[in-house]
Amino acid sequence: MKIGKLVQALLPKVLEYCEQKNHNEFERLCDADYSKRNFNLNFPFLIPISSLPSDLSKRYWTKVYLVRGQTVRACSQWFEKDAVYFVKYSKRIGIDYDQSQLESESLESRTTLSHKLSAPTARANSRYRGNAIGNAQNLLVRNILSNLGTEQFSEEDWQATKAYFNHQCAYCGESKELVIEHAIPINKVYLGEHRLGNLVPSCRECNSAKASKDFREFLEGRDDKVKAIEFYMDEKNYVPLENNEQVSMILEMAYREVGTVAERYITIINELFVSDDDSCCS
Ligand SMILES: [Zn+2]
């Protein structure tokens with residue numbers, strides 16, 4: 001296995017070590033001297049994305065990890081001759097691995113990741129719990145996407161948007177009562193935002209028929225309408241976040257974290273009732 005692959009395969013274990021066993025280690029791995037001494041790396045092994053200068057971005061893998069409440073990326077500048085440093089380090093912090101197993105595991109984790117992420121709270125015995133947490137998770141994602149950037153969508157913007165579309169539904173073209181519609185839905189799949197350019201007027205019928213579809217999906221076959229919306233987005237300098245892997249990863253983390261928080265409180269409250277039952281029986 002190549003050193004880069006090996007580092008990426010063992011990285012979750014290194015981060016687990018920082019998270020659970022050695023809290024100071026995370027800070028050390030973000031330090032340039034420590035990274036030079038322990039791995040012969042010319043850059044810090046880990047770097048929080050908030051402090052990653054854009055010119056160094058190429059030296060870090062794009063995948064984002066959550067460790068000790070921070071989103072980080074890992075240095076990709078490894079040389080085969082220095083593999084021994086990383087292997088020694090892994091042993092020192094107690095990571096046991098077997099290369100052949102590792103290769104099949106990393107393949108497996110890649111294929112199961114999306115499944116795990118989309119159903120973090122599924123339990124066979126949950127009533128509406130899974131659904132309720134799912135709603136909270138989606139709301140958080142919606143809230144984040146709705147508050148990016150600094151501009152506000154004002155009443156004036158809404159009037160101007162309706163005027164731009166001749167007071168007609170952007171989808172069917174009819175002049176009916178119009179509601180605000182997000183052409184690209186605000187969710188973790190499509191990454192639409194609540195911004196000028198993504199907000200279009202829609203009649204209630206189209207609004208509910210479109211539901212959480214993307215406008216291109218909903219308008220399939222009606223290219224003139226798709227083009228008109230795309231042109232409008234361009235005109236308002238709206239650059240969709242879609243396919244931005246880094247934003248997707250971060251939102252997945254936020255989504256999972258809400259699931260974890262909910263699970264923690266469910267457990268705490270359930271334990272409350274377990275001890276109540278015990279005390280009444282004794
Ligand atoms: Zn319509």
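User: Where in the chain does Phe 273 lie, and why is Phe 273 called partly exposed?

Analyst: In this predicted model, Phe 273 lies in helix H11, which runs over residues 245-281. Its relative accessible area is 47%, and since buried means under 20% and exposed over 50%, Phe 273 falls in between and is therefore classed as partly exposed.

User: What makes the group of Val 261, Tyr 265, Ile 268, Ile 269, Leu 272 and Phe 273 a patch?

Analyst: A patch takes residues with over 30% relative accessible area and no salt bridge, nonpolar side chains being joined within 5 Å. Phe 273, at 47%, is over that limit, and together with Val 261, Tyr 265, Ile 268, Ile 269 and Leu 272 it forms a nonpolar surface patch with about 570 Å² of accessible area.

User: How do you know how confident the predictor is, and over which residues does pLDDT stay under 50?

Analyst: The protein chain averages a pLDDT of 83, and 85% of the residues score at least 70. Residues 107-128, however, stay under 50, and the model has 14 contacts beyond four places in sequence for them. Where pLDDT is low, the predicted coordinates should not be read in detail.

User: Why is Asn 22 called buried or exposed, and what does its side chain reach?

Analyst: Asn 22 sits in the loop between helix H1 (3-21) and helix H2 (23-29). With a relative accessible area of 17%, Asn 22 is under the 20% limit and is therefore counted as buried. Its side chain reaches the backbone nitrogen of Asn 24 at 3.2 Å, which is within the 3.5 Å allowed for a polar contact. Apart from neighbours within four places in sequence, Asn 22 is in contact with Tyr 17 and Arg 28.

User: Why is Asp 82 called buried or exposed, and with which residues is Asp 82 in contact?

Analyst: The relative accessibility of Asp 82 is 4%, which is under 20%, so Asp 82 counts as buried. Asp 82 is placed in the loop between strand E3 (70-74) and helix H4 (83-92), and once neighbours within four places in sequence are set aside, Asp 82 is in contact with Phe 39 and Asn 40. Asn 40 in turn lies in the loop between helix H3 (32-39) and strand E1 (46-48).

User: What is notable about the phi of Asn 40 and of His 167?

Analyst: Asn 40 has a positive phi of about 55 degrees although it is not a glycine, and His 167 likewise has a positive phi of about 55 degrees without being a glycine. His 167 is found in the loop between helix H7 (155-164) and strand E4 (178-182). At 42% relative accessibility, His 167 is neither under 20% nor over 50%, so His 167 counts as partly exposed.

User: How do you know that the side chains of Lys 176 and Glu 205 meet in a salt bridge?

Analyst: The N to O distance between the side chains of Lys 176 and Glu 205 is 3.6 Å, which is within the 4 Å that defines a salt bridge, so the pair qualifies. Lys 176 lies in the loop between H7 and E4 and Glu 205 in helix H8 (residues 204-210), so this pair ties together parts that are 29 residues apart in sequence. Glu 174, Lys 176 and Glu 205 are linked in a network of salt bridges.

User: What makes the pair of Arg 204 and Glu 177 a salt bridge?

Analyst: The closest N and O atoms of Arg 204 and Glu 177 are 2.9 Å apart, which is within the 4 Å limit, so the pair is a salt bridge. Arg 204 lies in helix H8 and Glu 177 in the loop between H7 and E4, so the pair ties together parts that are 27 residues apart in sequence. Arg 204, at 49% relative accessibility, counts as partly exposed, whereas Glu 177, with a relative accessible area of 53%, is over 50% and is therefore called exposed.

User: How do you know that Lys 210 and Glu 181 meet in a salt bridge, and are they buried or exposed?

Analyst: Their side chains meet at 3.2 Å, N to O, which is within 4 Å. The pair links distant parts of the chain, with Lys 210 in helix H8 and Glu 181 in strand E4, 29 residues apart. Both Lys 210 and Glu 181 are buried, and by the salt-bridge rule the count comes to nine.

Technical notes
Residues numbered from 1 in each chain as written. Predicted model: local features only at pLDDT ≥ 70, side-chain atom pairs only at ≥ 80, totals over all residues. Heavy atoms only, no water. pLDDT = per-residue confidence, 0-100. Contact = heavy atoms within 4.5 Å. Patch = residues over 30% accessible without salt bridge, like charges linked within 9 Å, V, L, I, M, F, W, Y side chains within 5 Å. Areas by Shrake-Rupley, 256 points an atom, 1.4 Å probe, with all protein chains shown as cover. Helix = DSSP H or I, 4+ residues; strand = E, 2+ residues; numbered from the N terminus. Buried < 20%, exposed > 50% of the residue type's maximum accessible area, 1.4 Å probe, protein only. Polar contact = N/O pair within 3.5 Å; in protein donor to acceptor, adjacent residues only side chain to side chain.
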